[in-house]
Amino acid sequence: MAMKGKVRFQEFFKRNYAFFIAAFVILAWHTQIGLTMDSTWFSIQLEEKSYMEFLIERYQGWTSRLLIEAGLLFLRTIW
């Protein structure tokens, strides 16, 4: 049973090796770039206000990015 899984993974990797290489290169590049102004801004938001205060303020300013920014701030809190 384990052998079938290994063969299936090898076939999957052969069909998609370019995507694995691209993902590795992008991940390696991303770890080397510095923080930009936007990244720095997100990193200090919870020092200045609560999570709900941030979401309310962003909702009043620009609602189309609310879910994205809420997710970014949540990810910032767990890392």
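User: In this predicted model, which residue forms a salt bridge with K49?

Analyst: The closest N and O atoms of the pair are 2.9 Å apart. That lies within the 4 Å cut-off for a salt bridge. The structure holds 1 salt bridge. The partner of K49 is E57.

User: Is K49 buried or exposed?

Analyst: Buried means under 20% relative accessible area. K49 has a relative accessible area of 16%. So K49 is buried.

User: What is the relative accessible area of E57?

Analyst: E57 falls between the buried limit of 20% and the exposed limit of 50%. E57 is therefore partly exposed, with a relative accessible area of 39%.

User: At which residue does helix 1 bend?

Analyst: Helix 1 covers residues 2-32. A straight helix of 31 residues would span 45 Å, but helix 1 spans only 37 Å between its end C-alpha atoms. Helix 1 also bends by about 75 degrees. The bend is at N16.

User: How many residues of helix 1 are buried?

Analyst: Helix 1 has 31 residues and lies largely in the open. The number buried is 1.

User: Which helix gives the most to the largest nonpolar core?

Analyst: That core is made up of F42, F54, L55, L66, A70 and L73. Helix 3 (51-61) and helix 4 (66-78) each supply at least two of its residues. With 3 residues, the top contributor is helix 4.

User: Which residues does F42 touch, leaving out those up to four places away in sequence?

Analyst: F42 is one of the residues of the largest nonpolar core. Contact here means heavy atoms within 4.5 Å. On that basis F42 touches F54, E69, L72, L73 and R76.

How values were computed: Residues numbered from 1 in each chain as written. Predicted model: local features only at pLDDT ≥ 70, side-chain atom pairs only at ≥ 80, totals over all residues. Heavy atoms only, no water. Helix = DSSP H or I, 4+ residues; strand = E, 2+ residues; numbered from the N terminus. Expected span 1.5 Å × (residues − 1). Bend = angle between axes of the 7 residues up to and from the residue. Buried < 20%, exposed > 50% of the residue type's maximum accessible area, 1.4 Å probe, protein only. Salt bridge = Lys/Arg side-chain N within 4 Å of Asp/Glu carboxyl O. Core = buried A, V, L, I, M, F, W, Y, C linked by side-chain atoms within 4.5 Å.
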